[in-house]
Amino acid sequence: MLVHAQKPANIYGTVTDSTGKPIDGVNVQVLKKQGTVLTNENGFFSINVYSDTACQVAFSYVGGMQRIVDVRALRSGEKFKLEVKMSFG
């Protein structure tokens, strides 16, 4: 019997402020799951998630600002793009 390992799905995208400027250093975490990454100087992030399960992705930044985004269940190997805007103030 041949069993194929299921590939993780991938959520990627950018985090910007209300003017469209990329935000470096935003913490990106899949809640109740594995993994945390930080956005780079271009606001880009990429994080693998278990497929076939809906999840919530939390974006948090210095000063306690947080945004939570619901993501539908993704198929094995699927890539899902998120563009997130965070407002200061």
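In strand S4, Phe44 is the bridge partner of Thr14, and this one pairing is a convenient place to enter the structure, which is a predicted model. Thr14 and Phe44 belong to a wider contact between two strands, since strand S1 (residues 9–17) and S4 run antiparallel and are joined by six bridges. In general, the strands of a sheet pair through backbone hydrogen bonds, in either a parallel or an antiparallel way.

From this pairing one can step out to the sheet around S1 and S4. Three strands make up an open sheet here, in the order S4-S1-S7, and their pairing is mixed. The edges of this sheet are S4 and strand S7 (79–86), each of which pairs on one side only. From one strand to the next, the twist averages 25°.

It helps now to see the whole chain. The protein has seven strands and zero helices, and, read from the N terminus on, its elements run β-β-β-β-β-β-β. Among the contacts in the protein with a separation of 6 or more, 53% are accounted for by residues 24 or more positions apart. Of the 89 residues of the protein, 33% count as buried, while the accessible surface comes to about 5,700 Å², with 52% of it belonging to carbon and sulfur atoms.

A further group of strands forms another sheet. Four strands form an open sheet in the order S3-S2-S5-S6, with antiparallel pairing. S3 and strand S6 (65–71) stand at the edges of this sheet with a single partner strand each, so one side of each is left without a neighbour in the sheet. Neighbouring strands here are turned by 20° against each other on average, with direction ignored.

The four strands can be followed one pairing at a time, beginning at the S3 edge. S2 and strand S3 (residues 36–38) run antiparallel and are joined by three bridges, and in this pairing Asn27 stands opposite Leu38 in S3. S2 also pairs with S5 in the antiparallel sense, over four bridges, and there Gln29 stands opposite Ala58 in S5. Ala58 in turn stands opposite Ile68 in S6, in the pairing where S5 and S6 run antiparallel and are joined by seven bridges.

Strand S2 also repays a look at its side chains. Where do the side chains of Val28 and Val30 point, and are they buried or not? Along S2 (residues 27–30) the side chains alternate, with Val28 and Val30 pointing to one face and buried, whereas Asn27 and Gln29 point to the other face and are not buried.

Aromatic rings offer a further view of how separate stretches of the chain meet. A search of the whole structure finds one aromatic pair. The partners are Phe45 and Phe59, whose rings are arranged edge-to-face, at 5.4 Å centre to centre and with 75° between the planes. This pair links distant parts of the chain, given that Phe45 lies in strand S4 (residues 44–49) and Phe59 in strand S5 (residues 55–61), 14 residues apart. Phe45 counts as buried because its relative accessible area is 1%, and Phe59 likewise counts as buried, at 0% relative accessibility.

The charged side chains complete the picture. How many salt bridges are there in this model? The count comes to three. Glu78 takes part in one with Arg72, at 2.6 Å from N to O, and in another with Arg75, at 3.8 Å from N to O, and in this way Arg72, Arg75 and Glu78 are linked in a network of salt bridges. The members of the network are covered to unlike degrees: Glu78 is buried, with a relative accessible area of 11%, Arg72 is partly exposed at 42%, and Arg75 counts as exposed at 56% relative accessibility. The side chains of Glu83 and Lys81 also meet in a salt bridge, with 3.5 Å from N to O. Of these two residues, Glu83 is partly exposed, with a relative accessible area of 48%, whereas Lys81 is exposed because its relative accessible area is 52%, and the limit for being exposed is over 50%.

Conventions. Residues numbered from 1 in each chain as written. Predicted model: local features only at pLDDT ≥ 70, side-chain atom pairs only at ≥ 80, totals over all residues. Heavy atoms only, no water. Phe/Tyr/Trp six-rings, centres within 6.5 Å; stacked < 30°, edge-to-face > 60°. Buried < 20%, exposed > 50% of the residue type's maximum accessible area, 1.4 Å probe, protein only. Contact = heavy atoms within 4.5 Å. Areas by Shrake-Rupley, 256 points an atom, 1.4 Å probe, with all protein chains shown as cover. Salt bridge = Lys/Arg side-chain N within 4 Å of Asp/Glu carboxyl O. Pairing = 2+ DSSP bridges. Axes fitted to C-alpha atoms, helices over the stretch in contact; angles between N-to-C directions.
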